[in-house]
Amino acid sequence: MDVLQEQDHQLSEPIEVDGTAVLNALPDPVLVIDGPGSDIVFVNGAAEQMFQASAAYLRTKALADIIPHDSPVLLLVERVRRSGSSMSQHAVRLDTPRIGEHLIRVDAAPMAECEERIVLTLQEQSIAGKIDRSLTHRDSTRSVSAMASLLAHEIKNPLSGVRGAAQLLEQSLGPEDAQLTRLIVEEADRIVRLIDRMEAFTGDMPLDALGPVNIHEVLERVLSLARTGFASHVRFTERYDPSLPPVYGNSDRLIQAFLNLVKNAAEAAPKDGGEIIVTTGYQHGVRLAAPSGDTPMQLPLVVTVQDNGSGIPEDLRPHIFDPFVTTKPGGTGLGLPLVAKLIGELGGVIDVESRPRRTIFRVLLPMVREGGPGHA
Ligand SMILES: Nc1ncnc2c1ncn2[C@@H]1O[C@H](COP(=O)(O)OP(=O)(O)OP(=O)(O)O)[C@@H](O)[C@H]1O
Ligand SMILES: [Mg+2]
C-alpha cells in the first residue's frame, strides 16, 4: 500500500526524526499548513490514513484541495491566522467522496517559531473515537457516552428478567423472605434509573437540531418546573437582560442543562431562606467557535445560576464535572457531566465559582449575530 511505502518520505522533513516518529505514533491526524495559501507541509501517519493519500502527495496540495471549500475548518484556520492564537471547534462535519463522512473536533494552533505555519489536529468524534479521551470536561463525558450504550443493551434486558423472577418468587415466600425479593426489585429499579440517566449521554446532537432559541423562554420553563416541583422551598430572583438576541442552540437541550443546574442549586440551598438568582447578560470580549462554521461568529451570552448554599468543598471542585462524582445519597453524579456535554455540544462553556453562601455556575453560550438566522 502506498500509504506505508510513502512514510519514509517524511524523514526528509525539516522536523527532527524523533518528533516525526512521535507524531506518526499518534492516533489523531496532525497536519501542518503554511502561508496564506494553507499549503500542506507536513502530515502524520494518521492524517495519511484519514485522507487516504501519501504524505508525499498531500505535501503537493493545499488544505482547500483536500477538504470542501465551504468547510468550517478553513474559516477556523483563517481566524487563527488573523488572531495569532489557538482555537478549537467541535462537531465539524468533514464529508468528501474520497474520505467519506467524519465528525471531528479540530484544534488549530500557530507554530511558535514560525507564525505562518499552523498545526491542525483532528479528533474523530464518532463513538469509537470517544473512548479513552479524558482531557477536558467534555471529553470526560465521552467515555460515558460509549459505556452508556453498552450498558443499556447489556444490563437492562437481563435486569428486567431478574426483576420479574424476584416478583414471581415473592408470591411463594413468607413475609420475611419477601423483604429480600422486594430489595431485589428496588435495587433493579435503581440500576435502571441510573442507566436511563446515562443513556442521555449517547448520541451526538445532529447539527440540524441547532437554531435560534429564546433563552428567556428556556429559563421560564425551567423555573416554572422548579417552583412547582423540587424547588418549592426556594425564593427565585430573576435578573434578565431582555434585549438579548437568541442563543444559537437547541431548546430541549438547554432546558435539560439549566434544569440540572437549578436542581443542584435547589438541593444546595438551605431549607430556610434558600435563594437562587438566575441572570442573563452579555459577556464582552470572549469569542467562541460555533459547532458549525456556516453560522456567524457570535458574542457570547452569559447565563448564571447562583445559590446561597454552603458551597462546593474545595477538594471536590476539580472533579464535579466528572461522571459519578456525588455527595448526595440518591445522586448519580451524572447531572453536571451531562450539563457540560450539552453546553459543549452547543459550542458553549461552563465554569463555576464557589464559596459558602455564594455558588455561581456560569454558562457562556454562542448567540445568533445581528442579521444572522435569528434575525431573518
Ligand atoms: N450548587 C451547588 N452547590 C454545592 N455543591 C454542588 C452544587 N452543584 C453541584 N454540587 C456538587 O457536585 C456534585 C455533583 O453534581 P451532579 O449534578 O453531577 O450530581 P448529583 O447532583 O450529586 O446527582 P444527580 O444530578 O444525579 O441528582 C454534587 O453531588 C454536589 O456535591
Ligand atoms: Mg445534580
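A polar contact here is a pair of N or O atoms within 3.5 Å. By that yardstick, in this predicted model, the side chain of Asp307 makes a polar contact with ligand 1, with one of its N or O atoms 2.8 Å from a nitrogen atom of the ligand. Lys328 joins in from its side chain too, putting a polar atom 2.6 Å from an oxygen atom of ligand 1. Gly335 uses its backbone instead: an N or O atom there lies 3.3 Å from a ligand oxygen. On its own, ligand 1 would expose 600 Å², and the protein buries 95% of that.

As for where all this happens, ligand 1 sits in the largest pocket. Three elements each give two or more residues to the surrounding shell, namely helices α11 (251–268) and α12 (335–345) and strand β12 (358–365). Of these, α11 chips in the most, with 5 residues. The shell counts 24 residues, and the ones that come nearest to the ligand are Arg197, Thr326, Thr327, Lys328 and Thr332. Sorted by class, the shell is a mixed bag: 10 nonpolar, 9 polar and 5 charged residues.

Turning to aromatic rings, a search of the whole structure turns up just 1 aromatic pair. Phe321 and Phe361 are the partners, with ring centres 6.4 Å apart and planes at 75° to each other. The arrangement counts as edge-to-face because the angle between the planes is over 60 degrees. This pair ties together distant parts of the chain, since its members are 40 residues apart. Phe321 belongs to the loop between β10 (301–307) and α12, while Phe361 is in strand β12, an element that also gives residues to the shell around ligand 1.

Note on methods
Residues are numbered from 1 along each chain as its sequence is written. Chains are lettered from A and ligands numbered from 1 in the order in which they are written. This is a predicted model: local features need pLDDT of at least 70, side-chain atom pairs count only at pLDDT 80 or more; totals for chains, interfaces and linings use all residues. Side-chain values use heavy atoms; hydrogens and water are left out. A residue is near a molecule or strand if one of its heavy atoms lies within 4 Å of it. A polar contact is a pair of N or O atoms within 3.5 Å; within protein, one must be able to donate a hydrogen and the other to accept it, and residues adjacent in sequence count only if both atoms are side-chain atoms. Accessible areas come from the Shrake-Rupley method with a 1.4 Å probe; for residues, only the protein chains shown count as cover. On a 1 Å grid over the protein atoms alone, a cavity is a set of points where a 1.4 Å probe fits but cannot get out, and a pocket is an open set with protein on both sides within 12 Å along at least five of seven lines; lining residues have an atom within 4 Å of a point. A molecule sits in a cavity or pocket if more than half of its atoms lie within 2 Å of its grid points. Helices (H or I, at least four residues) and strands (E, at least two) are DSSP runs, numbered from the N terminus. Ala, Val, Leu, Ile, Met, Phe, Trp, Tyr, Cys and Pro count as nonpolar, Asp, Glu, Lys and Arg as charged, and the others, Gly among them, as polar. Rings of Phe, Tyr and Trp (its six-membered ring) pair if their centres lie within 6.5 Å; planes under 30 degrees apart count as stacked, over 60 as edge-to-face and the rest as tilted.
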